Amino acid sequence: MTDFTSDLLRLLSTRGYIHQLTDAAGLDALANKQVVPGYIGFDATAPSLHIGSLVQIMMLRRMQQAGHKPIVLMGGGTTKVGDPSGKDESRRLLDDAAIAGNIASIRGVFERFLTFGDGPTDAVMVNNADWLDALEYIPFLRDVGRHFTINRMLAFDSVKLRLDREQPLTFLEFNYMILQAYDFLELSRRIGCRLQLGGSDQWGNIVNGIELTRRIDSSEVFGLTTPLITTADGAKMGKTANGAVWLNADQLSAYDYWQFWRNTDDRDVGRFLRLFTDIPLDEIARLEGLQGAEINDAKKILADAATSLCRGADAAIEAAETARRTFEEGSAGDSLPTYMVEGGEIVIVDALVALGLCASKGEARRLIKGGGARVGAEKVTDEALTIRVGVDPVRIAAGKKHHGLLVAAQG
């Protein structure tokens with residue numbers, strides 16, 4: 001079904017968010033009739049989410065733009081278990097204090113994308129530890145676990161992948177899909193939640209939650225997944241040579257965040273403008289039709305808009321100006337990654353790693369060997385080169401697009 005009548009599904013469809021729907025006609029009718037509360041779950045394994053979570057955050061934003069209620073479910077409980085979906089190995093278990101700290105840190109990003117409050121379409125953030133921590137395990141297994149068969153659970157890709165590779169899957173992790181399904185039941189009871197959204201890898205977990213909620217409470221609920229977001233060359237969205245593209249400002253500079261979007265493949269510009277900005281569709285159609293060097297203007301607009309949403313308009317303006325000065329004027333901007341050099345000198349390999357331009361010394365040596373490292377305007381050919389940093393900062397480049405500054409530590 002593609003001829004949606006509700007603002008919600010029309011918006012999600014035209015922007016490219018819909019991959020699978022459990023009952024398209026039913027959800028479309030419901031969205032025309034009432035405010036639909038819908039949730040996405042996020043586990044708190046780090047102090048920041050990364051750009052791989054951004055399409056989910058944007059989907060909650062689209063819900064609110066269409067007049068519905070976004071529910072951000074933080075996995076304070078499920079983070080203690082570990083989601084095996086898409087994972088080859090068990091997750092490091094965190095204690096309560098670390099999880100609480102991560103949730104507090106993550107909330108700031110959601111506040112940039114969503115309006116929180118007590119109104120009918122205001123976003124709310126809830127924590128599944130509120131109900132999972134209080135479960136009495138044996139009664140829970142009797143009441144909820146009986147709705148899950150081992151045969152079906154073993155058929156899930158998240159489980160089969162581990163077993164096929166003969167990698168350990170703990171019984172703790174095996175429980176994750178039951179707990180995630182139970183989240184939907186609890187949110188349906190507590191907030192009247194009618195919709196769970198997620199990535200395509202969550203389809204099985206979402207269907208479990210829908211079936212559990214219908215069996216126990218006879219409630220009609222729905223599921224919707226997004227396509228797997230990959231780049232035009234087939235790479236997973238957000239995977240870069242320099243590591244994860246973090247959403248929190250204290251994890252990644254606004255300049256590096258802006259530059260990630262500026263480096264978008266020509267073929268991805270239109271799709272990313274639809275998914276990750278609020279730019280109107282007719283303007284996006286014009287921008288993705290640009291050819292040759294003009295497509296760079298569309299990439300800058302994408303970078304400006306995406307950075308404004310996540311980091312604020314001032315950060316986007318500053319990052320764009322830093323890029324302009326760095327690349328167009330050859331000067332060094334203040335927002336580039338910076339490393340304070342103690343003692344006034346540093347070896348080039350160490351500098352590349354310290355600035356985050358290379359993930360390891362081995363990668364730095366390969367970059368130098370391939371002719372991709374520069375100090376100022378000079379190409380580096382000697383991996384043992386010692387850089388001396390005086391009053392003026394020294395600009396380091398890894399390839400054409402990644403730059404950093406070395407500055408002398410104040411003694």
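**Exercise 1.** Which residue stands opposite Leu195 in β5? Work out how β5 sits among its neighbours.

*Solution.* Keep in mind that this is a predicted model.
- Step 1: Look across from Leu195 in β5 and you'll find Gly38.
- Step 2: Now zoom out to the strands. β2 (residues 37–42) and β5 run parallel, joined by two bridges.
- Step 3: Try β6 (residues 222–226) next. Five bridges pair this strand with β5, again in the parallel sense, and Gln196 stands opposite Gly223 in β6.
- Step 4: Add helix α11 (residues 203–217). Together, β5, α11 and β6 make a right-handed β-α-β unit.
- Step 5: Check how covered β5 is: five of its five residues are buried.

**Exercise 2.** Classify the ring pair Tyr39 and Phe184 by the angle between the planes.

*Solution.*
- Step 1: The search of the whole structure gives eight aromatic pairs.
- Step 2: For Tyr39 and Phe184, the centres are 5.4 Å apart and the planes make an angle of 70°.
- Step 3: Planes over 60 degrees apart count as edge-to-face, so that's the label for Tyr39 and Phe184.
- Step 4: Find the rings in the chain. Tyr39 is in strand β2 and Phe184 in helix α10, 145 residues apart.
- Step 5: Both Tyr39 and Phe184 are buried.

**Exercise 3.** Is Trp261 buried or exposed? Do Phe276 too.

*Solution.*
- Step 1: Buried means under 20% relative accessible area.
- Step 2: Trp261 has 0%, so it's buried.
- Step 3: Phe276 comes out at 2%, so Phe276 is buried as well.
- Step 4: Ring pairs put both in a cluster with Tyr257, Phe260 and Phe272.
- Step 5: Over the ring of Tyr257 sits the charged end of Arg311, 4.9 Å from the centre.

Definitions and conventions. Residues are numbered from 1 along each chain as its sequence is written. This is a predicted model: local features need pLDDT of at least 70, side-chain atom pairs count only at pLDDT 80 or more; totals for chains, interfaces and linings use all residues. Side-chain values use heavy atoms; hydrogens and water are left out. Buried means under 20% relative accessible area, exposed over 50%, partly exposed in between (1.4 Å probe, protein chains only). Helices (H or I, at least four residues) and strands (E, at least two) are DSSP runs, numbered from the N terminus. Two strands pair if DSSP finds at least two bridges between them. A crossover is right-handed if, with the strands pointing away from the viewer, the path from the first strand over the helix to the second runs clockwise. Rings of Phe, Tyr and Trp (its six-membered ring) pair if their centres lie within 6.5 Å; planes under 30 degrees apart count as stacked, over 60 as edge-to-face and the rest as tilted. A charge sits over a ring if NZ of Lys or CZ of Arg is within 6 Å of the ring centre and within 35 degrees of the ring normal.
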